[in-house]
Amino acid sequence: MSEHFRVVVIGGGVTGTSVLYHLARAGWRDCILLERSELASGSSWHAAGSLFALTAPSSAAVLQRYTRELYGVLEAEGGQALGYHRSGGFSIARTEEEVVRQKLLQDRCRRNSIPSEFISVEEMRRLVPFIDTRRVRAALYEPDKGHVDPSSVVHALARGARLSGATIRRHTPVTATRRLASGEWEVTTPAGTLVAEHVVNAAGLWAREVAAQAGIRLPLMPVEHHYLVTEAIPELAALGHEMPNVSGAEANWYCRREGQGLLLGAYEATCVHWAEAGTPPDFGHELLPDDLARIDANLADAIEVLPVLGTAGVKRVINGPMIFSPDLAPLLGPWPGQRNYHCAAGVMTGFNQGGGVGRVVAEWITEGEPSLDVTAWDVARFGGWAGRGYTRVRSGYFYEHRSHRVYPGQQFAAGRPVRMTPAHAELARRGAVWGESFGLEVPLWFARPGEEPADRYAWGRQNWFDAVVAEGRAVAEGVGLFAIASYSRFLVAGRGARGWLDHLLAGRIPAPGRCALAPMLSPKGRLIGDFTVSALEGDRFLLVGSGAAQRIHERWFDLGLAAGAEVRIDNLSSAWTGLHLAGPRARALMARVAGPAGAAAVDDGALPFMANRAMDLDGCPEAVVLRLSFTGEAGYEIHFPLAYEQAFLARLLAEGEDLGLRPAGMRALMWLRLEKGWPSWGLELSPDYSPFPPGLDRFVRWDKGEFVGRAAAAALGERIGERLVTLVVAATDADCWGGESVFRAGEHVGYVTSGGFGPRTGESLALAYLRPAAIADGAAVEVLVKGEARPAVVRTAARYDPKGARLRG
């Protein structure tokens, strides 16, 4: 007979025990953890255990701080030390570029009150008397940095889980998982079969193999990672305090005290993957053969700063496997299409993130959603396109560049291209410079004749600035063409489609032939989607949204679809594509491809603002045309099957030549919407907000009856802590990108979510969330641009065409 549990957690490392601990602490005591060997085997037992919270994105910083704070709780609960050392630590910068990077990181963490400060050379020498500061330009000190004993943490989490009623079984490997017709999960072990409502894959090095049992392919790849521990160093014994952690900001090494010696870890310049075909089932408390030659460069760099490393003997060398996703971030959350199968895998710095990971996975299970935005860690951020080759190349690149600076807007070529549309070659011929979104190549900007079609990165305005401004002005003066293949497209059809959408979405569902903007809320009233909804002929609706979030949205659609509902949902995002025309001459160009009806087919009578029509266009006989634009100019979004893209693009380019048609990229589109003060998904819009702070409450139809999240959102609206505004920044050499702090009279009053330059207004602009008390049109504030204060003015209305006359055309 099968045993029944609410949750089965697979894996007894720091991640699995943290998930179990948080489930049990939430009152879910009927949970069990299955570990194939001993607790803390795999990669947990040989981890360095370093702790820090200065990081990005915002949610990662919050969860890493939570993890550190949890260790104090565990020590108090269990009455046993965890080897938790709050030693503090600093990261050194040797160049001005590195100093700017440190200023930006410090600034971004002010939003969450994570403390740090730049310290003087004298203070560095006081903290570490044997440091060589001759090449050090600056050091950013984090007082809460430290380290912890890995084994003690895992066993403390396990003990806390047991004390709260959870069960742990060691030496119990999982040999199969199967979803039953009831929706429950059957988990098979040599000791018998278990049935559970939920399964959590926290199997660490074996997460790929456990996932495959359920028909899931996780984009993970193990790598080898070295650190060494020295013999005793007399200078350490002479310290009257605990030595702080020291790291090279861009040298890929970290160092801390270990006993009477030092521990030096390195992210090697050449990543070596391990067990690419699969982790051996009998691998356990073992290490890999060391190869110290791979960290020679890291060690030499560290010796320049800490010369005692050059004379100390080596006590032991650790070369152990770790398992990473393509971007090195964790893979968390429910797997789309496999209800109640949860991932908690690929956690890179397990003892720095494990507490936070356990918390959010437990919240996902017990409450239906995590308490903060973890999109950057959501397993659904990758699609089937993230195969083994992509994962290998991408994880290798980010491992090798683990601590290197990342410039604003920086793109990474490793592993690309993966997905391209038929128009790629023609757009490239016209100078397209590419970025990537959900594995798809997306034009960011177009190099003009004589310009290099490549990004050259800097902290200030980059080489593409003038080209993007010119693209934006071309849209305002003539007609611009944007490739919008990266948008998501869902077709919702069936007799129950309208009613289902009316309940799922917070906004108005439009009448046939019309479009509407509609937020999607979670049951807790938080933003989880923002769609353009077009009611087509019959019981058919086209939803257009964020392409990068499409699998996350699919997961919510699945949860909201009741058994037997007369609704069909098709994700057309890969099968369809789109082109977007915008500008005062967009209508003239549309008339030229609209067939015999010409201008009459696209005038205000046939296709007014916020209307949609199925159209037979020249070169594209199956188009759905939406009369709207994210640019603030009169425009048309044209969505159609991918097979027509190449021919239709060629027709538009030919017909639009004498109208001044100009291809434009995503950077121009994002700058144009700044001038309108419009929020964008993933920047101003995310699950961190209800519809009120970004102003989306005006699209919520409170009077339409019950819909998902209605009561919760209404309650959140009564305690709004911040509002979205536009800032006009006094900047001529650099613009905001996001994360910059905003001050008023010396007080921190908010943060920037995105920024850039207004091609039509000629202003440096930013969108920012400010406390209500700091919001007044014309109010003077300061914004930290590149870490330096710049004057700015608060504006509460759009900087361009605030009444929308040009948009309506």
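Is Glu250 buried or exposed? Hold that thought for a moment, everyone, and thanks for coming. What we have here is a predicted model, so please keep that in mind as we go around it.

Now, back to the residue I asked about. Glu250 is buried, and its relative accessible area is 16%. The cut-off for buried is under 20%, so Glu250 falls on the buried side of it. What does Glu250 form a salt bridge with? The partner is Arg405, and the closest N and O atoms of the two are 2.8 Å apart. Arg405 itself is partly exposed, with a relative accessible area of 21%.

Where do these two residues sit? Glu250 is in the loop between β13 and β14, and Arg405 is in the loop between α11 and α12. That puts them 155 residues apart in sequence, so this pair ties together parts of the chain that are distant along it. As a bit of background, side chains of opposite charge can pair when their charged atoms come close.

Let's look at another pair of this kind. Glu276 and Arg392 meet through their side chains in a salt bridge, at 3.0 Å from N to O. Glu276 belongs to the loop between β15 and α8, while Arg392 belongs to helix α11, so here parts that are 116 residues apart in sequence are tied together. Glu276 counts as partly exposed at 30% relative accessibility, and Arg392 counts as partly exposed at 36%.

One more pair, and then we move on. Asp570 and Arg568 form a salt bridge too, with their closest N and O atoms 3.0 Å apart. Asp570 is partly exposed, at a relative accessible area of 24%, whereas Arg568 counts as exposed at 56%. Some salt bridges share partners, and in this way Glu97, Arg101, Glu250 and Arg405 are joined into one network. Across the whole structure, a search finds 55 salt bridges.

Next, please turn to strand β27, residues 576-582. How many of the seven residues of β27 are buried? Seven of the seven are, so the strand is largely enclosed by the rest of the structure. You can check this on both faces: Trp576, Gly578, His580 and Ala582 are buried on one side, and Thr577, Leu579 and Leu581 are buried on the other.

Who are the neighbours of β27? Strand β21, residues 479-483, runs antiparallel to β27 and is joined to it by four bridges. Within that pairing, Phe482 has His580 as its bridge partner, and Gly480 stands opposite Ala582. Strand β30, residues 635-641, is also antiparallel to β27, and seven bridges join these two. There, Leu579 stands opposite Ile638.

Let's step back to the sheet. Six strands make an open sheet with mixed pairing, in the order β28-β29-β30-β27-β21-β31. β28 and β31 stand at the edges with a single partner strand each, so one side of each has no neighbour in the sheet. On average, neighbouring strands here are turned by 25 degrees against each other, direction ignored. Helix α17, residues 645-656, lies across β21, β27, β28, β29, β30 and β31, and runs at about 10 degrees to β27.

We met Phe482 a minute ago, and here is Phe482 again in another role. The largest nonpolar core has 52 residues, and Trp445, Phe482 and Trp671 touch the most other members. Which helix gives this core its largest share? That is α18, residues 666-676, with six residues. There is also a second, separate core of 46 residues, which includes Leu20, Leu63, Ala344 and Val347. In soluble globular proteins, nonpolar side chains tend to be buried together.

My last stop is a barrel. Six strands close up in the order β32-β35-β34-β33-β36-β37, with antiparallel pairing. From one strand to the next, the twist averages 40 degrees. Within the barrel, β33 (residues 741-744) and β36 (residues 780-785) pair in the antiparallel sense over two bridges, and Phe743 has Glu782 in β36 as its bridge partner. Helix α18 returns here as well: α18 packs on the sheet and touches β34 and β35, with its direction at about 130 degrees to that of β34.

That's my tour. If you would like a place to start on your own, try finding Glu250 and Arg405, the pair with closest N and O atoms 2.8 Å apart. Thanks for listening!

How values were computed:
Residues are numbered from 1 along each chain as its sequence is written. This is a predicted model: local features need pLDDT of at least 70, side-chain atom pairs count only at pLDDT 80 or more; totals for chains, interfaces and linings use all residues. Side-chain values use heavy atoms; hydrogens and water are left out. Buried means under 20% relative accessible area, exposed over 50%, partly exposed in between (1.4 Å probe, protein chains only). Two strands pair if DSSP finds at least two bridges between them. Axes are lines fitted to C-alpha atoms, for helices over the stretch in contact, and angles run from 0 to 180 degrees between N-to-C directions. Contact means heavy atoms within 4.5 Å. A nonpolar core is a set of buried Ala, Val, Leu, Ile, Met, Phe, Trp, Tyr and Cys residues joined through side-chain atoms within 4.5 Å. A salt bridge is a side-chain nitrogen of Lys or Arg within 4 Å of a carboxyl oxygen of Asp or Glu.
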